[in-house]
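Student: Could we go through this model together, starting from the overall surface and then working down to single residues?
Tutor: Gladly, ask away once you have it in front of you.

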Amino acid sequence: MSQYDNTNKGTLGKNRRKEKDTHPSHTGSINIEGKEYWLSAWVKDGSNNEKFFSLSVKPKENAPQQQQRTSSTPPTDSFGDDIPF
(Lines give C-alpha, C1' and ligand atoms only; values in the text may rest on other atoms or scores of the structure.)
Protein backbone atom coordinates (compact mmCIF):
# COMPACT_ATOMS: atom_id res chain seq x y z
CA MET A 1 0.00 0.00 0.00
CA SER A 2 1.35 3.46 -0.84
CA GLN A 3 2.11 6.01 1.85
CA TYR A 4 -0.58 8.64 2.54
CA ASP A 5 0.07 12.04 0.94
CA ASN A 6 -1.00 14.81 3.32
CA THR A 7 0.12 17.67 1.05
CA ASN A 8 -2.37 20.56 1.20
CA LYS A 9 -4.39 18.85 3.93
CA GLY A 10 -4.77 19.38 7.67
CA THR A 11 -6.75 18.78 10.81
CA LEU A 12 -8.52 21.07 13.27
CA GLY A 13 -10.10 20.05 16.56
CA LYS A 14 -11.31 21.49 19.84
CA ASN A 15 -8.50 22.88 22.00
CA ARG A 16 -8.71 20.80 25.19
CA ARG A 17 -5.80 22.75 26.76
CA LYS A 18 -7.51 26.17 26.60
CA GLU A 19 -6.95 28.02 29.89
CA LYS A 20 -7.71 31.66 28.97
CA ASP A 21 -10.25 33.41 26.77
CA THR A 22 -7.41 34.57 24.51
CA HIS A 23 -6.33 30.99 23.73
CA PRO A 24 -7.66 29.52 20.47
CA SER A 25 -10.86 27.49 20.72
CA HIS A 26 -9.56 25.05 18.08
CA THR A 27 -6.03 23.92 17.19
CA GLY A 28 -4.42 21.62 14.68
CA SER A 29 -1.90 21.44 11.89
CA ILE A 30 -1.92 21.88 8.15
CA ASN A 31 0.45 21.06 5.30
CA ILE A 32 0.68 23.70 2.56
CA GLU A 33 2.74 22.78 -0.48
CA GLY A 34 4.81 20.33 1.57
CA LYS A 35 5.51 22.68 4.51
CA GLU A 36 4.05 21.99 7.96
CA TYR A 37 2.20 24.70 9.94
CA TRP A 38 0.43 24.97 13.30
CA LEU A 39 -3.19 26.06 12.85
CA SER A 40 -5.18 28.02 15.45
CA ALA A 41 -8.82 29.12 15.25
CA TRP A 42 -11.08 31.32 17.33
CA VAL A 43 -14.89 31.32 17.03
CA LYS A 44 -16.08 34.91 16.47
CA ASP A 45 -19.48 36.57 16.12
CA GLY A 46 -19.96 38.40 12.85
CA SER A 47 -22.67 40.61 11.48
CA ASN A 48 -26.23 39.31 11.76
CA ASN A 49 -25.08 37.13 14.69
CA GLU A 50 -23.38 34.68 12.30
CA LYS A 51 -20.40 32.80 13.73
CA PHE A 52 -17.14 32.37 11.85
CA PHE A 53 -13.57 31.16 12.42
CA SER A 54 -10.68 33.60 12.71
CA LEU A 55 -7.53 31.69 11.72
CA SER A 56 -3.82 31.93 12.39
CA VAL A 57 -0.99 29.80 10.95
CA LYS A 58 2.58 29.54 12.21
CA PRO A 59 5.42 27.51 10.65
CA LYS A 60 6.27 24.50 12.79
CA GLU A 61 9.99 25.17 12.43
CA ASN A 62 9.56 28.48 14.29
CA ALA A 63 8.67 26.70 17.53
CA PRO A 64 10.75 27.81 20.53
CA GLN A 65 14.09 25.98 20.73
CA GLN A 66 13.32 24.68 24.22
CA GLN A 67 10.36 22.67 22.90
CA GLN A 68 12.37 21.25 20.00
CA ARG A 69 15.33 20.20 22.17
CA THR A 70 15.21 16.82 23.86
CA SER A 71 15.91 16.61 27.58
CA SER A 72 19.21 14.77 26.98
CA THR A 73 20.55 17.44 24.62
CA PRO A 74 22.48 20.17 26.44
CA PRO A 75 21.77 23.75 25.42
CA THR A 76 24.29 25.35 23.11
CA ASP A 77 25.55 28.88 23.52
CA SER A 78 26.33 31.22 20.66
CA PHE A 79 29.53 32.54 22.26
CA GLY A 80 32.88 31.41 20.96
CA ASP A 81 35.76 30.30 23.16
CA ASP A 82 37.91 33.28 22.14
CA ILE A 83 38.02 36.10 24.68
CA PRO A 84 38.62 39.44 22.92
CA PHE A 85 40.49 41.02 25.85
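Student: How much area does the protein chain expose, and what share do carbon and sulfur atoms supply?
Tutor: The protein chain exposes about 8,000 Å², and carbon and sulfur atoms supply 49% of that area; accessible areas come from the Shrake-Rupley method with a 1.4 Å probe, and for residues only the protein chains shown count as cover. This is a predicted model, in which local features need pLDDT of at least 70 and side-chain atom pairs count only at pLDDT 80 or more, while totals for chains, interfaces and linings use all residues. Residues are numbered from 1 along each chain as its sequence is written, and side-chain values use heavy atoms, with hydrogens and water left out.

Student: And what percentage of the residues is buried?
Tutor: Of the 85 residues in the protein chain, 14% are buried, where buried means under 20% relative accessible area, exposed means over 50%, and partly exposed is in between (1.4 Å probe, protein chains only).

Student: What order do the elements come in?
Tutor: From the N terminus on they run β-β-β-β-α, which gives one helix and four strands; helices (H or I, at least four residues) and strands (E, at least two) are DSSP runs, numbered from the N terminus.

Student: How do β3 and its partners pair, then?
Tutor: Strand β2 (residues 26–32) pairs with β3 in the antiparallel sense over seven bridges, and β3 pairs with β4, also in the antiparallel sense, over nine bridges. Two strands count as paired if DSSP finds at least two bridges between them. To pick out individual partners, Asn31 has Glu36 as its bridge partner in β3, and Val43 stands opposite Phe53 in β4.

Student: Val43 and Phe53 share a surface patch too, right, so what else is in it?
Tutor: The nonpolar patch is made by Leu12, Val43, Phe53 and Leu55 and covers about 370 Å². Patches are made of residues with over 30% relative accessible area and no salt bridge, with like charges joined within 9 Å and nonpolar side chains (Val, Leu, Ile, Met, Phe, Trp, Tyr) joined within 5 Å. Val43 itself lies in strand β3 and is partly exposed, with a relative accessible area of 41%.

Student: Switching to charges: how many salt bridges does a search of the whole structure find?
Tutor: The search finds three, a salt bridge being a side-chain nitrogen of Lys or Arg within 4 Å of a carboxyl oxygen of Asp or Glu. In general, side chains of opposite charge can pair when their charged atoms come close.

Student: Which residues does Lys35 or Glu36 pair with?
Tutor: Lys35 meets Glu61 in a salt bridge at 3.5 Å, N to O, and this pair links distant parts of the chain, since Lys35 is in strand β3 (residues 35–45) and Glu61 is in the loop between β4 (51–59) and α1 (65–68), 26 residues apart. Glu36 forms a salt bridge with Lys60, with the closest N and O atoms 3.8 Å apart; here too distant parts of the chain are linked, from Glu36 in strand β3 to Lys60 in the loop between β4 and α1, 24 residues apart.

Student: Are those four exposed or partly exposed?
Tutor: Lys35 is partly exposed at 33% relative accessible area, whereas Glu61 counts as exposed at 53%. Glu36, at 28%, is partly exposed, and Lys60 is partly exposed at 25%.

Student: Where's the other salt bridge?
Tutor: Lys51 forms it with Asp45, with the closest N and O atoms 3.0 Å apart, and both of these residues are exposed.

Student: Now backbone angles: which residues have a positive phi near 60 degrees?
Tutor: Among them are Asn8, with phi near 60 degrees, and Asn48, with a positive phi of about 60 degrees although it is not a glycine. As background, most residues other than glycine have a negative phi.

Student: Where do those two sit?
Tutor: Asn8 lies in the segment before β1 and is exposed at 52% relative accessibility. Asn48 is in the loop between β3 and β4, is exposed at 69%, and belongs to a hairpin with five residues between the strands.

Student: What about the hairpin of β2 and β3?
Tutor: That hairpin has two residues between the strands, and Glu33 takes a positive phi near 50 degrees there.
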